[in-house]
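Me: Please take a close look at one part of this model, the two cysteines and what lies around them. Put that part in the setting of the whole chain.

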Amino acid sequence: MEMSNEEIVRRYKLAKNKRSQVNILAQLNCCSKDEIIEVLKQEGITDKQLPRAERSDKGKKKSGEPAAEAKETEITAPLEKQETNSQEEEKNKLNSSTVDVNILIIENDELRKQLALIRLENSKLEQLVKKSETKNAILQKQIDNIREDSDYSKSSGIIELKDIVKSHENEIKLLNEENENLRRQLDEITGYYNDSMKISAKLEENIKLLESDVETEGETIRMMHLENEELKIRLQQAESFILDKVVYS
């Protein structure tokens with residue numbers, strides 16, 4: 001997976017739409033939704049905190065109506081039910097896609113803020129490394145000058161100079177160790193920065209894909225409205241036909 005378990009749990013807890021967040025985390029980590037849910041359970045997320053499956057209510061049949069209305073209902077009900085179900089499915093798809101786009105935009109903004117903080121921290125570490133290297137160079141130059149001054153070494157202060165040299169050498173060792181630590185931190189932050197850039201690029205690609213899907217689903221809904229109008233006209237014709245049959249029978 002691209003993310004650690006802690007990062008997956010953190011993003012899941014922050015998300016408002018839990019079901020959509022599971023899909024997003026699965027896409028970002030190139031895995032299935034079941035694997036994401038398994039990670040959440042391992043990290044302490046209970047079944048009550050996981051998203052529930054959608055439930056659909058079953059329609060109830062009405063009884064005790066006149067014969068003419070019953071016949072009319074038998075003819076018109078399937079058409080109305082099909083029309084309503086199709087519209088609801090398209091609206092649900094459009095709403096779900098819009099929510100996914102908004103979530104991706106919010107997460108993309110959060111990543112950009114994190115990248116800005118990483119860059120700032122990276123800049124500070126580079127400045128510390130440069131200062132340490134400069135101080136190291138100055139001390140090394142002083143030691144070289146002392147060693148080159150043979151006449152001064154032969155004087156009565158030779159013991160004091162040796163102590164100064166040892167002190168400078170110890171300080172140089174400490175500075176070198178500090179430089180190594182700073183470089184390791186810089187490498188870790190650079191790696192995290194590169195990973196964040198990859199995740200940001202994936203998020204931008206997902207946003208573009210979802211925006212394209214929203215436009216396509218919007219066009220589908222418009223076509224459904226046109227078909228809805230045609231179905232209403234046919235329903236009216238069917239009602240008139242049925243009423244004429246009932247009246248003249």
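Reply: The whole chain comes first, then the cysteines, then some residues in the neighbouring helices.

This is a predicted model, in which local features need pLDDT of at least 70 and side-chain atom pairs count only at pLDDT 80 or more, while totals for chains, interfaces and linings use all residues. Residues are numbered from 1 along each chain as its sequence is written, and side-chain values use heavy atoms, with hydrogens and water left out.

The secondary structure of the protein chain consists of 6 helices and 0 strands, where helices (H or I, at least four residues) and strands (E, at least two) are DSSP runs numbered from the N terminus. Along the sequence the pattern reads α-α-α-α-α-α. Of the 249 residues, 27% count as buried; buried means under 20% relative accessible area, exposed over 50%, and partly exposed in between, with a 1.4 Å probe and protein chains only. The protein chain exposes about 18,300 Å², and carbon and sulfur atoms supply 51% of that area, computed by the Shrake-Rupley method with a 1.4 Å probe. Among contacts (heavy atoms within 4.5 Å) with a separation of 6 or more, 80% are between residues 24 or more positions apart.

Confidence is given as pLDDT, the predictor's value for each residue from 0 to 100. Its mean over the protein chain is 76, and 74% of the residues reach 70 or more. Helix α3 (residues 33-42) has the highest confidence, at a mean of 92, and helix α5 (residues 150-153) the lowest, at 56. Over residues 54-65 pLDDT stays under 50, and the model has 2 contacts beyond four places in sequence for them. Residues 67-72 are also below 50, with 5 contacts beyond near neighbours in sequence. Where pLDDT is low, the predicted coordinates should not be read in detail.

Now the cysteines. A disulfide is a covalent bond between the sulfur atoms of two cysteines. Here it is taken as a pair of cysteine sulfur atoms within 2.5 Å, and the count by this rule is 0. Cysteine 30 is in no disulfide, and its nearest cysteine sulfur, that of cysteine 31, is 7.7 Å away. For cysteine 31, also in no disulfide, the nearest cysteine sulfur is that of cysteine 30, at 7.7 Å. Cysteine 30 counts as exposed because its relative accessibility is 59%. Cysteine 31 has 19% and therefore counts as buried.

Cysteine 30 lies in the loop between α2 (18-28) and α3. The backbone of cysteine 30 has a phi near 55°, a positive value in a residue other than glycine. Most residues other than glycine have a negative phi.

On the α3 side of that loop, isoleucine 36 is found in helix α3 and counts as buried because its relative accessibility is 0%. Isoleucine 36 is 12 residues from isoleucine 24 in sequence, and their C-alpha atoms are 9.9 Å apart.

Asparagine 206 belongs to helix α6 (residues 158-248). Leaving out residues up to four places away in sequence, asparagine 206 touches Gln27, Leu28 and Leu104. With 15% relative accessibility, asparagine 206 counts as buried.

Last, the charged end of lysine 18 sits over the ring of tyrosine 12, 5.0 Å from its centre. The rule asks for NZ of Lys or CZ of Arg within 6 Å of the ring centre and within 35 degrees of the ring normal.
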